[in-house]
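Colleague: I have a few questions before I go back to the bench. Can you take me through this one?

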Amino acid sequence: MTTPAHRTGLLGELVCSNSLKSLEASNAHGLLKAELGALGSLVVSVAGNCAVPAGKALAVDRLLFARTITESITGHPNIRVVPEERAGIPEAPAVVASGPLTSDGLSDALAGLFGAAHLFFYDAIAPIVSAGSLDSSGLFPASRYSGEEGDYLNAPLDREQYYSFIDSLLSARRHQPHGFEEGRYFEGCLPAEVLAERGRDTLRFGLMKPVGLVDPLTGKRPYAVAQLRREDRAGSMYNLVGFQTQLAQPEQQRVFRTLPGLGRAEFLRYGSMHRNTFINAPRLLSENLEARTRPGLFIAGQLCGVEGYAESAAAGLVAGLNCLRVISGRPPAVPPEETMVGALCRYVGRGPLSGSYQPMNANFGLLPPLGTRIGDKRLKGEALAARSLESLKEWMSGLS
Ligand SMILES: Cc1cc2nc3c(=O)[nH]c(=O)nc-3n(C[C@H](O)[C@H](O)[C@H](O)COP(=O)(O)OP(=O)(O)OC[C@H]3O[C@@H](n4cnc5c(N)ncnc54)[C@H](O)[C@@H]3O)c2cc1C
């Protein structure tokens, strides 16, 4: 069974970039791969053997990678590959990992099992920035119509700042959609740049409207605001509310850093809008990726709401491990919350603090904060990674 994006019929085909992102120990993606390596991930070990020079990233010879994965799986004595479309949900115990382009028949079956309202076909991802990278002097905390401080951070813009922001948004380079994605937007969930194209004031009366907000610095209502909403309980990540976008990633940095308080914003997740089948996992799955209403059925990969090659492999590994544990009568097991794999599973099982559930990639904002404050970004990343790998080791040694 193939999809409009896959071409070769091989397992493990990388449909777009041949990079599994950073290998650096101080980087969230590097940590995820280090953990996957420690957990014995086939994807990471084959990627290491098929690597091509790519600086500090792990990029692979994509054909060699897919061939090696295919050989490892088809050659395994306990695996039988059936290259057909599966239109129904398999009997539990089972893992469903049919990816962002899940076929129509299986999508219908998933909608039947979970309810159509809990199955999504497009993501609409707004960028997430780290709290520590924000400049609070440019922001004020407030909720609309509330005199109190409130839950949002607001970046106030005057007239000149607003139109200059709109100009950079409109002139920014966009990610080119794939053929099967073009023009398919939902009216209620349009990219910010598409809204801005409808009129230079559209955002000012929509997602950047200033009503109910008074800037304490001026005592006045700003001309427009960009709102940031807390994404996690620890308050380490903020979501740029309503700014789902198809701008290229470097352009997101350039454009959104022009907003007050965001001049040095560190992007933990970039905005995007893709054709992407995924379920409303926080309502449907436990942190071990098992369906709450169908014991023994696990949902993994992009379908459960993680985003990226390595993240999908991580979810697959946890779902596979737990499926095996169900078969052998053992309790579920999820790596600790200090690990990137464990943090991703917790995000899947719990979702964001507020707002809609959208796919998530590996980032340090998912991990519980360190006990001590480390200002240097690289040293902080290294400390988080060291804590994670230590706790993963301990968890693995206690695993029965
Ligand atoms: C066009 C595109 C480009 C992407 N580019 C990147 C990128 O550059 N970097 C990145 O990190 N991530 C990228 N992603 C996200 C990427 O899909 C995931 O990161 C990862 O491949 C998802 O892994 P998965 O195992 O969940 O799904 P997949 O890798 O898609 O595997 C799912 C498999 O299930 C099969 N399938 C679907 N329905 C059925 C059915 N009914 N019966 C039997 N088999 C079925 C599919 O044919 C597919 O082979 C991209 C996604 C798309 C769609």
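Modeller: Start with a definition: buried means under 20% relative accessible area, exposed means over 50%, and partly exposed is in between. Keep in mind that this is a predicted model.

Colleague: Is arginine 254 buried, partly exposed or exposed?

Modeller: Its relative accessibility is 40%. The partly exposed class lies between 20% and 50%. Arginine 254 therefore counts as partly exposed.

Colleague: Which residue forms a salt bridge with arginine 254, and how far apart are the closest N and O atoms?

Modeller: The partner is glutamate 251, which is buried, with a relative accessible area of 13%. Both residues sit in helix H7 (residues 249–256), 3 residues apart, so about one helical turn separates them. The closest N and O atoms of arginine 254 and glutamate 251 are 3.1 Å apart.

Colleague: How many residues apart in sequence are the parts that glutamate 24 and lysine 56 tie together?

Modeller: These two form a salt bridge, with the closest N and O atoms 3.9 Å apart. Glutamate 24 is partly exposed at 31% relative accessibility, and lysine 56 is exposed at 57%. Glutamate 24 lies in the loop between S1 and H1, and lysine 56 in the loop between S2 and S3, so the pair ties together parts that are 32 residues apart in sequence.

Colleague: In what order do the 3 strands of the open sheet run?

Modeller: The pairing is antiparallel. Strand S1 (19–22) and strand S2 (51–52) are the edge strands, each pairing on one side only. S1 pairs with strand S3 (residues 57–60) over 2 bridges. The order is S1-S3-S2.

Colleague: Which helix packs on the sheet?

Modeller: The helix touches S1 and S3. Its direction makes about 115° with that of S1. The answer is helix H1 (residues 28–38).

Colleague: Which helix gives the most residues to the largest nonpolar core?

Modeller: That core has 53 residues. Leu32, Ile279, Leu285, Ile299 and Met340 touch the most other members. The top contributor, with 7 residues, is helix H10 (residues 340–350).

Colleague: Which residues is isoleucine 299 in contact with, leaving aside its neighbours within four places in sequence?

Modeller: Isoleucine 299 is one of the core members that touch the most others. Two of its contacts, Ile279 and Leu285, are also in that group. The full list is Val96, Leu110, Phe114, Ile279, Leu285, Leu289 and Cys304.

Colleague: Which salt-bridge network does arginine 346 belong to?

Modeller: Arginine 346 is buried, with a relative accessible area of 17%. Its side chain meets that of glutamate 287 in a salt bridge (3.9 Å, N to O). Arginine 346 lies in helix H10 and glutamate 287 in the loop between helix H8 (281–284) and strand S13 (297–299), so the pair ties together parts 59 residues apart in sequence. Shared partners make one network of Glu287, Arg346 and Arg350.

Colleague: Last one. Is phenylalanine 364 buried or exposed?

Modeller: Phenylalanine 364 is in the loop between H10 and helix H11 (377–397). Not counting residues up to four places away in sequence, it touches Ser26, Asn27, Ala28, Leu31, Met340, Gly381 and Leu384. Its relative accessibility is 18%. The cut-off is under 20%, so phenylalanine 364 counts as buried.

Conventions. Residues are numbered from 1 along each chain as its sequence is written. This is a predicted model: local features need pLDDT of at least 70, side-chain atom pairs count only at pLDDT 80 or more; totals for chains, interfaces and linings use all residues. Side-chain values use heavy atoms; hydrogens and water are left out. A nonpolar core is a set of buried Ala, Val, Leu, Ile, Met, Phe, Trp, Tyr and Cys residues joined through side-chain atoms within 4.5 Å. Buried means under 20% relative accessible area, exposed over 50%, partly exposed in between (1.4 Å probe, protein chains only). Helices (H or I, at least four residues) and strands (E, at least two) are DSSP runs, numbered from the N terminus. Contact means heavy atoms within 4.5 Å. Two strands pair if DSSP finds at least two bridges between them. Axes are lines fitted to C-alpha atoms, for helices over the stretch in contact, and angles run from 0 to 180 degrees between N-to-C directions. A salt bridge is a side-chain nitrogen of Lys or Arg within 4 Å of a carboxyl oxygen of Asp or Glu.
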